[in-house]
Amino acid sequence: MPGFWLAFVFHFVFCHCQYKYGPERAWNLRSVEELKSKEFWFHDAQRTLYEKLSTPPNQYVAKNVIMFLGDGMSVPTVTASRIFDGQLRGVVGERNRLEFEKFNFVGLSKTYCANKQVADSACTASAYLSGIKANYLTIGVTPDVQLNDCAGARLPQNRLSSIAAWALKGRKSAGVVTTTRVTHASPAGVYAHTSNRDFESDFDVNSFGENASKCPDIAQQLIDGDVGQRLRVILGGGTSKFLPNTQKDVYGNPGQRLDGRNLIEEWQRSKPGNARVVFNRTDLLANDARSTDFLFGLFNASHMAYHLDDSIDTPTLSEMTESAINILSRDHGGYFLFVEGGRIDHAHHETKAKKALDETVQFSNAIKKARLLTNSWDTLIVVTADHGHTVTISGYPDVNNSIAGLNSELSDVDSKPYATLSYANGPDYQKFYQSKDGVVERVNLTTSDIGDKDARYPHGVPMTEETHGGGDVAVYAHGPWAHLFTGVYEQNTIPFMMGYASCLGPGITYCDLQPKVSYNP
């Protein structure tokens, strides 16, 4: 009887809040005045509690696993992007939610490398894709391999197996989508083994003084490697890494390769069935997934354009994600898909905070598209970051103050305005400080371009580019066994939890412990 009354009370409170505010009304407030109501906060807390109490763990086997990686997406980045997105949509930004913030299960991942307190995107890719922490700047190899150790990276015992390899071994399909070069550090973690993340082409290998014949470059591994050659979908940037230096891509950009190989043509010739290559948004959207067995899309010579700099024929991350899912979903055995919002990181390195926030919103939109195209009963979606950045949200701005603009407060020392977003370090230090009569002073930011898409934001220590941050990053999960991803854990635990949920990999899995239970609608 007490249980009945408890359920009745929660049901009454939940329904009353839904009636008063609507299912999304409580989140999408258009006036800060509503935040001053005691009743609002009471019902908001009760509605959240009810949602949590009414969400049972999903313990079916994950037929599909989609991992979304927001490169450099620190917790402050998520917070600022949430506000930024809300303000763009005309609602109170602080009350907004990005798509992955609607997930019920959230944890924290510790991001350090095997040999560095603050990580890069290479060693972290080894951790969250292969389950083993690696050394700074290395990918897909054990900590026994040091930087530029080409011989060590080729030894079988030093090579790591990614969850994409586990999926392929389990007779599933696999794919990669990124806004960076497809040979960049994060996507390379899916298929490559290298002692230096910068070995993207044979030209790059040679530029480091290494022998390309003894040190296979990352582009070559994508075309020839055991995992790379079996990927059904590859979408991102980087034509220069696949074309010889005697040839130009469709937009007139020269290739880099010294070996004379056209790896794009080799990829297409090597594939059974219908293998399509696309170089622009028009061709990507016109592609028929029902008749495409393999898809290779390269949309720039290097990284893809920032969304705010978008050319008319560059696909969005959402569109690439949709194309990938449509093709991979044809495999009745399931699939693993890796999707990276890679340019969040690049914008932070440039201290172009507005672009970083916009890239995070685009990342959120891609996750929304994936949720619409999949079934939460058989598809596990995991969203996380590889590492953080040094961006902070500081001062005491008013609620709904422009997150990408100046703070509503002034400094209590020099009485000058300051930006709500700032960095611990970064480039163009002189832009924010000036010497006057031997005294260093801050510039008056009211005359600056803060808020512009290309504005650099203030920072402290001068650097050629802003650095990564060493803080923990959030992990958001939705679908089968999503509840495993709560708590605080090492980053290398992530692929084993995905493997457990989908019965893949060398570690313990759900199927090892009890009869397999799949979702059958």
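A residue counts as buried when its relative accessible area is under 20%, as exposed when that area is over 50%, and as partly exposed in between. With those cut-offs, Lys453 comes out as partly exposed, because its relative accessible area is 29%. The structure discussed here is a predicted model, so it helps to begin with the predictor's confidence in each residue, the pLDDT.

On that score the protein averages 94, and 94% of the residues reach at least 70. Some stretches fall well outside that picture. Over residues 4–10 the pLDDT is below 50, and the model gives this stretch four contacts beyond near neighbours in sequence. Residues 12–21 also stay under 50, and here the model has 19 contacts beyond four places in sequence.

Now to the annotated sites. An unreviewed UniProt entry carries the annotation "binding site" for Asp71, Asp345, Asp386, His387 and His468. These residues are spread over 398 residues of sequence, yet they cluster in space, with a largest C-alpha distance of 10.4 Å. Two of them, Asp71 and His387, give a view of how the cluster is put together.

Asp71 sits in the loop between β1 (64–70) and α3 (75–88). Is Asp71 buried or exposed? With a relative accessible area of 1%, Asp71 is buried. Leaving aside residues up to four places away in sequence, Asp71 touches, among others, Asp345, Asp386 and His387, which also appear in the annotation. The list of contacts for Asp71 further includes Ser121, Glu340 and Ile344. As for polar contacts, the side chain of Asp71 makes one with the side chain of Ser186, at 3.1 Å.

His387 comes from another loop, the one between β8 (379–384) and β9 (388–389). Its relative accessibility is 0%, so His387 counts as buried. Among the residues that His387 touches, again not counting those up to four places away, are Asp71, Asp345 and His468. Other neighbours of His387 include Thr111, Asp120 and Val473. There is a polar contact here too: the side chain of His387 meets the side chain of Asp71 at 3.2 Å.

UniProt also places a "binding site" feature, likewise from an unreviewed entry, at His349. This residue lies in helix α13 (residues 343–349). At a relative accessible area of 11%, His349 is buried. Beyond its near neighbours in sequence, His349 touches His389, Pro427, Glu465, Glu466, Thr467 and His468. His468 thus links back to the annotated cluster, because the UniProt annotation covers it too.

Next come the charged pairs. Side chains of opposite charge can pair when their charged atoms come close. A search of the whole structure turns up 32 salt bridges. One of them joins the side chains of Asp309 and Lys453, 2.5 Å from N to O. Asp309 is in the loop between β6 (294–298) and α12 (317–328), while Lys453 is in the loop between β15 (439–442) and β16 (459–462), so this pair ties together parts that are 144 residues apart in sequence. Like Lys453, Asp309 is partly exposed, with a relative accessible area of 33%.

A further salt bridge pairs Lys352 with Asp454, whose closest N and O atoms are 3.6 Å apart. This one also links distant parts of the chain: Lys352 is in the loop between α13 and α14 (353–373), Asp454 is in the loop between β15 and β16, and 102 residues separate them. Lys352 counts as buried at 15% relative accessibility, whereas Asp454 is partly exposed at 30%. Asp454 forms a salt bridge with Lys453 as well, the closest N and O atoms being 3.0 Å apart. Through shared partners, salt bridges join Asp309, Glu350, Lys352, Lys355, Lys453 and Asp454 into one network.

Finally, helix α2 (residues 38–53) offers a simple check on geometry. At 1.5 Å a residue, its 16 residues should span 22 Å, and the end C-alpha atoms are 23 Å apart, which agrees. At the N-terminal end of α2, Ser37 acts as a cap, with a side-chain oxygen 3.3 Å from the backbone nitrogen of Glu39. Which residues of α2 are buried? They include Phe40, His43, Asp44, Gln46 and Arg47. An α-helix has 3.6 residues a turn, so residues three or four places apart point the same way.

Conventions. Residues are numbered from 1 along each chain as its sequence is written. This is a predicted model: local features need pLDDT of at least 70, side-chain atom pairs count only at pLDDT 80 or more; totals for chains, interfaces and linings use all residues. Side-chain values use heavy atoms; hydrogens and water are left out. Helices (H or I, at least four residues) and strands (E, at least two) are DSSP runs, numbered from the N terminus. Buried means under 20% relative accessible area, exposed over 50%, partly exposed in between (1.4 Å probe, protein chains only). Contact means heavy atoms within 4.5 Å. A polar contact is a pair of N or O atoms within 3.5 Å; within protein, one must be able to donate a hydrogen and the other to accept it, and residues adjacent in sequence count only if both atoms are side-chain atoms. A salt bridge is a side-chain nitrogen of Lys or Arg within 4 Å of a carboxyl oxygen of Asp or Glu. pLDDT is the predictor's confidence in each residue, from 0 to 100. The expected span of a helix is 1.5 Å times one less than its number of residues.
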